[in-house]
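Here are some short exercises to try with the structure open beside you. Attempt each task before you read its solution.

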Amino acid sequence: MDPVRNPYAPGAGQRPPELAGRGRELDVFDVVLERIARGRPERSLMLTGLRGVGKTVLLNTLRSEAISHLWGTGKIEARPDQSLRRPIAAALHMAVRELAPRHRAPDRIDGFLGVLKAFAQRTAPAGRGGAAPKLRDRWQPGIDVPASSGRADSGDIEIDLVELLTDAAAVATDVGTGIAIFIDEMQDLGADDVSGLCAACHELSQLGAPLIVVGAGLPHLPAVLSAAKSYSERLFRYQRIDRLDRIAADQALCAPAEREEVEYEQKALDLLYEKSGGYPYFVQAYGKATWDHAPRSPITAADVRVAAPEAEAELAVGFFGSRFERATPAEREYMRAMASLSLVEGEESGRDDMDAAVPTAEIARALGRKPASLSPARDALIKKGLIYSGERGTVAFTVPHFGRYLRTQPA
Ligand SMILES: Nc1ncnc2c1ncn2[C@@H]1O[C@H](COP(=O)(O)OP(=O)(O)OP(=O)(O)O)[C@@H](O)[C@H]1O
Ligand SMILES: [Mg+2]
C-alpha cells in the first residue's frame, strides 16, 4: 500500500500514531496534577521499563498534559558523567519562563532568576566531583538578571537543589499552579545528583509545595534511587511500563489503519502479536513493514509473513545492532554467554520471551573465569545501559529479545 500514507512510527521517542494501553498511567497523572493543585500531598512519579516500551513517548505525553493544565514544565535527558546542575537549571528556567507572564510581581521572578543563575554558574568544589573549572567552562545560562548570592550556590548539590526547587515551587504557588520537571534516562544520573534530587523531593513533599519530578528509566532505576536514599522507596510512586497486552497492541495497529480506511484480518493480527510480543517498538516496526508490503486492504497473515524479514533486518541494524556495537569484545563475549544461558533459564522458568535474568555466577562458570574478573565487563555494560541487575547476583538484558538476536548472530 501507499508508503506515503504509512502511519507507523518505529524510532526512539517517535510519537506513535496511537498511544495504546496507557490509559491507567494517564489517569494516575491527572489525579496527581489535580491533587497538587489543591495542596494535597503527592509523590513524584517514576516510570520504569525495558528499552523500546515507550517511556520517552509517555513522558512527553505527560508533559503535554501538564502544559494543558497550565503548569510550568521542563525536560532533561540525563547522561552518564554529566552533572545535573546545568541541565536542571535550564529546565527550571524554561518552566518559570512559562509561568512568568501570569505572575503579578515581576521582581519575584527576577529574584528567582538571580538564584537560578547563581546555582547554574556554581561548579562543584575541586576534589569533589572533578577538577577546578576551566575558563572555557564558564557557562552563561542566558539569564539577564545578575546572579544573587547566598542561596542555592553553596556548591553542595544537595543543599543547592533543596533551596532552588523550593524557590521555584514558591513561584508556582504565587500563580496558583505547579511545576513539573521531567527526567528521561534517569538511571544515568550520578550518585550525588540522585541524592540531591531525592532530598529535594523529600523536602518539597513535606512542605506540600507544588513541584514534582517525573522520571523515566531502566528497570533498575528504583535500585539506583534507594542506594542514594533509603527513604526513596516511599518518596516516589513507581509505575512499570510494560509491553502492550493483546487488546492494546491490536489497537496500536488498527486505529491508525482505520483512519486510512485499511483493515487487518484476524490472522494477520495474531501473527503480528506473536512476532512483536506486544513490545511497542516491535509493534511499530512490524506494522510499518507489513503496510509497505501488503498490496491491498484487508492485510493478511501472508502479507505479514512476507514483510517480517524486512522488519527483522531493520531491527537488527537500528534497534539491536546499534547497541551491540557500543560493547567492547570482552563485553560482547559476556553478553553472548548471557544470551545462551538466558535461553536455558527461560525454558526452565517457562517464560515465553526468553529474556530471563541470569545468575552472574553461571556466566563466570560458562566462560571458565572467576566471577570477580568479570565485574569490569558487567559494570561497563550496566553503565552503557545494555544490561541491568534487577535482583542481587543476576543480570538481564535491557533490550527486549536481545538474547534471541545475539543467538542468531555469528560469533
Ligand atoms: N503506547 C504505545 N502504543 C503504540 N506505540 C508506542 C507506544 N509507546 C511507544 N510506542 C512506540 O514505541 C517506540 C519506542 O518508544 P520510546 O522511544 O518512547 O521507548 P523508550 O521506552 O523510551 O525506549 P528507550 O529505553 O530505548 O529510550 C516508538 O516507535 C513509539 O512510537
Ligand atoms: Mg527513551
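**Exercise 1.** Find the strand that holds T73, and decide whether T73 is buried or exposed.

*Solution.* Step 1: T73 belongs to strand β2, which covers residues 72–77. Helices (H or I, at least four residues) and strands (E, at least two) are DSSP runs, numbered from the N terminus. Step 2: the relative accessible area of T73 is 0%, so T73 is buried. Here buried means under 20% relative accessible area, exposed over 50%, and partly exposed in between, with a 1.4 Å probe and protein chains only.

Before going on, note how the values arise: this is a predicted model, where local features need pLDDT of at least 70, side-chain atom pairs count only at pLDDT 80 or more, and totals for chains, interfaces and linings use all residues. Residues are numbered from 1 along each chain as its sequence is written, chains are lettered from A and ligands numbered from 1 in the order in which they are written, and side-chain values use heavy atoms, leaving out hydrogens and water.

**Exercise 2.** Which side chain forms a polar contact with that of T73?

*Solution.* Step 1: look for a pair of N or O atoms within 3.5 Å; within protein, one must be able to donate a hydrogen and the other to accept it, and residues adjacent in sequence count only if both atoms are side-chain atoms. Step 2: the side chain of R63 fits, at 2.9 Å from that of T73. Step 3: R63 is also one of the residues that T73 touches, not counting residues up to four places away in sequence; A91, M94 and F182 are among them too. Touching, or contact, means heavy atoms within 4.5 Å.

**Exercise 3.** Place L164 in its helix and list what L164 touches.

*Solution.* Step 1: L164 sits in helix α5, residues 157–174. Step 2: with a relative accessible area of 0%, L164 is buried. Step 3: leaving aside residues up to four places away in sequence, L164 touches L92, F112, V115, L116, F119 and A152.

**Exercise 4.** In what order do the strands of the open sheet of 3 strands lie?

*Solution.* Step 1: the order is β6-β8-β7, with antiparallel pairing. Two strands pair if DSSP finds at least two bridges between them. Step 2: β6 (358–359) and β7 (387–388) are the edge strands, each pairing on one side only. Step 3: β7 pairs with β8 (residues 394–397) over 2 bridges, and Y388 has A396 in β8 as its bridge partner.
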